[in-house]
Amino acid sequence: MPSRRKLLGTSILATGALIMLLPQAKVPVQAQAESRVVRIQTMNVYDTLYLLRGGSTSLAMMRDDGVVLVDSQPEGWTDPLRKALESVTDQPVQTIINTHAHRDHVGGNVAIAPKSDIVAHANAQKRMAASDEFKGTNAKFLPNKIVSDKLTLFTGVDQVDLYYFGKGHTDGDLVLFFPEKRVAHFGDLVWPKAVPVVDVESGGSALALPDTLAKAVAQLTNVARVTTGHEEGAAGNKAPAANASTRSARTMPWAEMQEYAEFTRDLVAAARQALEGGKTVDQTAATLQLPARYKAYDLSNARPFVQAMARELGK
């Protein structure tokens with residue numbers, strides 16, 4: 001039987017990630033593809049769970065019967081993703097778990113073509129089914145295992161619990177918990193040390209987000225670390241380091257996750273008070289008054305969040 005991993009305790013650059021986002025700049029498609037890199041890092045030395053960062057953030061768990069991939073990266077990132085995976089395993093992708101329906105997390109479903117299941121929340125499945133990427137013969141790459149409130153996959157050291165706690169970034173965000181590894185993955189529900197991103201068009205809710213995160217914090221126990229759908233403070237992609245690192249992946253400690261849930265509640269309360277007091281969206285975003293303990297948080301993305309709130313409040 002092939003081993004789960006070919007390499008332990010390392011971080012590898014799979015050549016093939018970096019897109020320079022220059023206004024109006026036109027980069028040939030081939031050059032874009034050749035410049036993309038997916039960086040793969042261990043969660044723990046001698047463990048089988050990896051963090052992959054490229055067009056977005058994915059997780060990969062190496063099982064004897066194949067890879068469980070959490071989010072398939074944007075369309076066009078499949079080759080560097082495969083190179084990253086092949087650096088640690090010779091097994092194919094067996095299962096994909098889509099944390100939500102956005103293209104930067106489901107765009108690789110078709111190209112990767114998992115051998116078994118694609119898993120997502122019911123609302124995410126419906127939104128994916130309505131998109132052009134999954135029309136016609138590509139419909140077979142839509143989720144075929146659906147989560148309503150909770151679903152458990154696998155057992156023992158490979159167990160992963162999938163939860164739906166409510167609306168937030170979209171109306172179909174899953175939270176994953178690996179109990180034996182004490183790792184929780186929050187997808188795009190959490191943007192570390194930054195204002196959350198809410199997509200109202202995809203059913204997201206700025207008003208509901210604090211309750212959604214509070215439910216997660218209350219129900220998940222024995223979590224040591226948290227991973228998220230994008231790098232800390234980054235709404236886009238950053239260049240990976242030039243050299244491979246032997247350090248484990250950067251994650252949020254659980255205490256920081258608990259604080260983030262409280263941050264979203266205080267953020268919504270402050271913005272709501274300003275909006276209901278007659279301030280405009282711009283005025284509210286520019287004059288947010290939050291407790292001093294959040295001074296390290298990046299509020300530069302406050303306006304879209306406040307705009308989402310205003311829309312929900314009918315302001």
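A pocket, in the sense I'll use today, is an open set of grid points where a 1.4 Å probe fits, with protein on both sides within 12 Å along at least five of seven lines. Okay, with that in hand, hi everyone. One thing up front: what you see above is a predicted model.

Let's start with a pocket, then. The second largest one holds about 310 Å³ of space. How many residues line it? The lining of this second largest pocket counts 16 residues. Nearest its centre you'll find Arg 103, Val 106, Ser 131, Glu 133 and Phe 134. Three helices each supply at least two residues of that lining: H3, which runs 103–106, H4, which runs 109–112, and H5.

Keep H5 in mind, since it leads us to the salt bridges. The structure has 13 of them. In one, the side chains of Arg 127 and Asp 171 meet, at 2.9 Å from N to O. Arg 127 sits in helix H5, residues 122–129, while Asp 171 is in the loop between strand S10 (160–163) and S11, so this pair links distant parts of the chain, 44 residues apart. Are these two partners buried or partly exposed? Arg 127 comes out at 33% relative accessibility, so we call it partly exposed. Asp 171 has 9%, and since buried means under 20%, Asp 171 counts as buried.

Next pair: Asp 266 and Arg 293, whose side chains meet at 4.0 Å, N to O. Asp 266 lies in helix H7 and Arg 293 in the loop between H8 and H9, so this salt bridge ties together parts that are 27 residues apart in sequence. Both ends are partly exposed: Asp 266 has a relative accessible area of 26%, and Arg 293 is at 44%.

One more pair. Arg 303 and Asp 282 form a salt bridge with 2.4 Å from N to O. Here the link is between helix H9, which holds Arg 303, and helix H8, which holds Asp 282, with their positions 21 residues apart in sequence. Arg 303 is partly exposed at 38%, and Asp 282 is partly exposed too, at 45%. There's also a small network: Arg 63, Asp 65 and Asp 158 are joined by salt bridges that share partners.

Now for the inside. In soluble globular proteins, nonpolar side chains tend to be buried together. In this model, the largest nonpolar core has 42 residues. Which members touch the most other members? That would be Phe 186, Leu 213, Leu 220, Met 257 and Phe 305. Strand S11 (175–178), H6, H7, H8 and H9 are the elements that give two or more residues to this core. H7 gives the most, with ten residues. A second, separate core has 25 residues, including Met 62, Val 67, Ala 101 and Ile 118.

Let's zoom in on Leu 213. Setting aside neighbours within four places in sequence, Leu 213 is in contact with Phe 186, Leu 189, Val 190, Met 257, Tyr 260, Ala 261 and Thr 264. Thr 212 is in helix H6, residues 209–219. Thr 212 is buried, with a relative accessible area of 4%. Not counting residues up to four places away, Thr 212 touches Phe 165, Gly 166, Lys 167 and Leu 189.

On to two helices that keep coming up. H7 has 23 residues and reaches 33 Å from its first C-alpha to its last, close to the 33 Å expected at 1.5 Å a residue. After H7 comes Gly 278, with a positive phi near 105°. What about H9? Its twelve residues, 302–313, should span 16 Å, and the end C-alpha atoms are 16 Å apart, so the two agree. H9 is followed by Gly 314, whose phi is also positive, near 75°.

Which residues of H9 are buried? They are Ala 302, Phe 305, Val 306, Ala 308, Met 309 and Ala 310. Their cover includes H6, helix H7 (254–276) and helix H8 (281–286).

Last stop: Ala 84, in helix H2, residues 78–86. Ala 84 is buried, with a relative accessible area of 0%. Ala 84 and Val 37 are 47 residues apart in sequence, yet their C-alpha atoms are 8.6 Å apart in space. That's my tour, thanks!

Terms used: Residues numbered from 1 in each chain as written. Predicted model: local features only at pLDDT ≥ 70, side-chain atom pairs only at ≥ 80, totals over all residues. Heavy atoms only, no water. Helix = DSSP H or I, 4+ residues; strand = E, 2+ residues; numbered from the N terminus. Buried < 20%, exposed > 50% of the residue type's maximum accessible area, 1.4 Å probe, protein only. Contact = heavy atoms within 4.5 Å. Expected span 1.5 Å × (residues − 1). Core = buried A, V, L, I, M, F, W, Y, C linked by side-chain atoms within 4.5 Å. 1 Å grid on protein atoms, 1.4 Å probe; cavity = no way out; pocket = protein on both sides within 12 Å on 5 of 7 lines; lining within 4 Å. Points joined across faces, edges and corners; volume = space filled by probe spheres on them.
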